[in-house]
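Here is a short tour of one sheet and one chain-to-chain contact, written to be read with the structure open beside you.

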Amino acid sequence: MNAIEVKGLTKRFGDKLVVNNVSLKVKPGEIVGFLGPNGSGKTTSIRMMCGLLKPDEGNGQVLGYDLIKDRLLIKSQVGYMTQKFSFYEDLTIEENLSFVARLYNLKPVKQHTTATLEKLGLLSRRNQLAGELSGGWKQRLALAACTMHKPKLLLLDEPTAGVDPKARRDFWEEIHRLAADGMTVLVSTHYMDEAERCHRITYISYGELLADGSLHDVIADAGLYTYTLTGPNLERFIPRLQENKGVQQVAPFGNSLHVTGTDLQVLKRALKPLEQHEDIQIEQSETNLEDVFIKFMSDSTDNIQ
Amino acid sequence: MSRVFSLQRLFAMLIKEFIQMRRDRITFAMMLGIPLLQLVLFGYAINNDPRGLPTALVSMANDPYSRAAVTALENSQYFKFTDVNVSPSEARSLLRRGKVTFVVTFPSNFAKQAEAGTPNALIEADATDPAASGAAVASAPAIIEKAVASIKQKNPSLKQDLLKSSTIIHRKYNPEGITQYNIVPGLLGVILQLTLVMMTSIALTRETERGTMENLLAMPASPFEIMCGKVLPYLGVGAVQVAVVLSAGRLLFNIPFEGGLLLLIGAILVFVLTLVLLGYFISTIARTQMQAMQMTFFFFLPSLLLSGFMFPYAGMPEWAQMLGETFPLTHFLRVVRAILLKGAEWSEVSASVYTLFLFVGLLLMLALKRFKRTLD
């Protein structure tokens, strides 16, 4: 049985189609990256999967429970971490955890709370107000609070926005530990490094699923070829390269330039004139995830306009 | 875990709410401070039957009749002669500038008129605020008539014509016309309405505004549990406020407690429930705490003006009375005044209490319906 198996999820807010016909399968124990540009319906899709919102169309099962009928059951077995810190800033760390323990009927409350505090390493700061914590600690507290009831499925909505790299790495280590214990994880993000840490990636854009598979598969399926140019003053070539129809992206990366396109021959032809510059090296390189995402984004019509 | 209602989860909500309430010192102080402060302030400050109003005296005569009349007017405590024997033009200027509320003029032939039985004194009143001058003006003719009569009695040679007409007035339930008897029970309703509706609406909107509502709903808390968790603590706050206001009313203002205490408390409880649910309903519409506050005030002012707290209900035109009927405060004021001042029994206030119950049912339905919709 899949942890998530939904078909044709559709949601409208008024006239605006927010999620259009999204289908998704997630196997137990998988960490799946749920990607897409801002406003592409990721949050709404996650809210539908954790029982917060009722889909207008579509159906499916989460942890074997019906998405429409068993929303309360789903809620009790799913952990959902919202984008914004959404525990109580005017309660202490311990009070927040006790509150969650009571809501999930975890008994004895004290024992569950203390164990979680210990695991977090916040035992000595248990009486501090949650609002006084730094961004990284808030996020760790939130993760601890929403995994306290040992959910089988964890839904994370852009969990590491605004968190420093060290805290982010610690966070992902924790996610992998949880997955190793059998928890299924669905993470929405638009950070490439986060996406690369997932077992599998699905890309949703303005409600439609554009790609699904492992990191390697997604890059391969995109059918992109990339050349890396290195040398001084590469910026001067950008406008001329962009004029070429076969060149889809020209992106500076530090001292190098990534030139990407779908047709290898056209791409080669476009780069030919640059070979006369002796100080510039041109070599074919691996397409990275970011290149693929940029392609998806420029392909899909933006329904915000 | 899957049951729609669980005491355990309600308990979790209640504990959380009490901790938050306790931690928010200013709000906590407001809950207890506002009722007491407003009661003392308004209880002592508001007076619909003002006395000692500044008066100018223009007297062209100096005779025993006018002197007696002036003394009698001053003894009534309504008039306080601050400017004596001023010229008519000076007096008018004082009145225009608001230095005096009344100008009393005795003509030069006042004694002659009095002895002939037709004394004519002129009282000019600043009637911009009818409430301020009304009672004094109403009492003046009788006071002067009596004063003149008493002087005439001392001179048996004069024809004794007693008061031609006399009206007997009984001021029932509040014979001395003590404003506090009317104000304090009303204040109970007003204070409860102001604090409870606002606090309940803000408490829930805060959850929406800070994003904690989303989290709360993602955890297994049902709308009904969330509602109870929010409503019950504020019912408790209301109970404390009621105790404070009633004790203060008794101790500071000697408000009569004519009716049964149980009936009173029962009626208050229904009213408090109405208010908390109203606040809850507002919070399902408002998106921010600011909006919740504005809606509370939008509701507060008309109910203050049209409920009969500030102005007599019976004096309003029919359409305004109908509008007034839609405010819970209107019905509560009837009940609480009837019980406290008139010693009314259940059968006499049941209609108003049932109306309050109607509000409770209606708001409960609306609040739950709206709340369900905000999930989607």
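## A sheet in chain A and its contact with chain B

In this predicted model, chain A holds an open sheet of four strands, ordered β12-β13-β11-β14 and paired antiparallel. At the edges sit β12 and β14 of chain A, each of which pairs on one side only. On average, neighbouring strands of this sheet are turned by 25° against each other, direction ignored.

The elements of this region that you may want to pick out on screen are these:

| Element (chain A) | Residues |
|---|---|
| β11 | 225-230 |
| β12 | 249-253 |
| β13 | 256-261 |
| β14 | 281-285 |
| α11 | 289-299 |

Let us look at one pairing in detail. Strands β11 and β13 of chain A run antiparallel and are joined by six bridges. A handy place to find your bearings is A:Thr228, whose bridge partner in β13(A) is A:His258. In general, strands of a sheet pair through backbone hydrogen bonds, either parallel or antiparallel.

A helix accompanies these strands: α11 of chain A lies across β11, β12 and β13 of chain A, and runs at about 140° to β12(A).

Now to the partner chain. How many residues of chain A are in contact with chain B? There are 23 of them, and they meet 22 residues of chain B. On the chain A side, the elements that give two or more residues are α2 (71-77) and α3 (93-103) of chain A. Of these, α3(A) gives the most, with five residues. Sorted by class, the side of chain A that touches chain B has 13 nonpolar, four polar and six charged residues.

Terms used: Residues are numbered from 1 along each chain as its sequence is written. Chains are lettered from A and ligands numbered from 1 in the order in which they are written. This is a predicted model: local features need pLDDT of at least 70, side-chain atom pairs count only at pLDDT 80 or more; totals for chains, interfaces and linings use all residues. Two strands pair if DSSP finds at least two bridges between them. Axes are lines fitted to C-alpha atoms, for helices over the stretch in contact, and angles run from 0 to 180 degrees between N-to-C directions. Two residues are in contact if their C-beta atoms, placed from the backbone, lie within 7 Å. Ala, Val, Leu, Ile, Met, Phe, Trp, Tyr, Cys and Pro count as nonpolar, Asp, Glu, Lys and Arg as charged, and the others, Gly among them, as polar.
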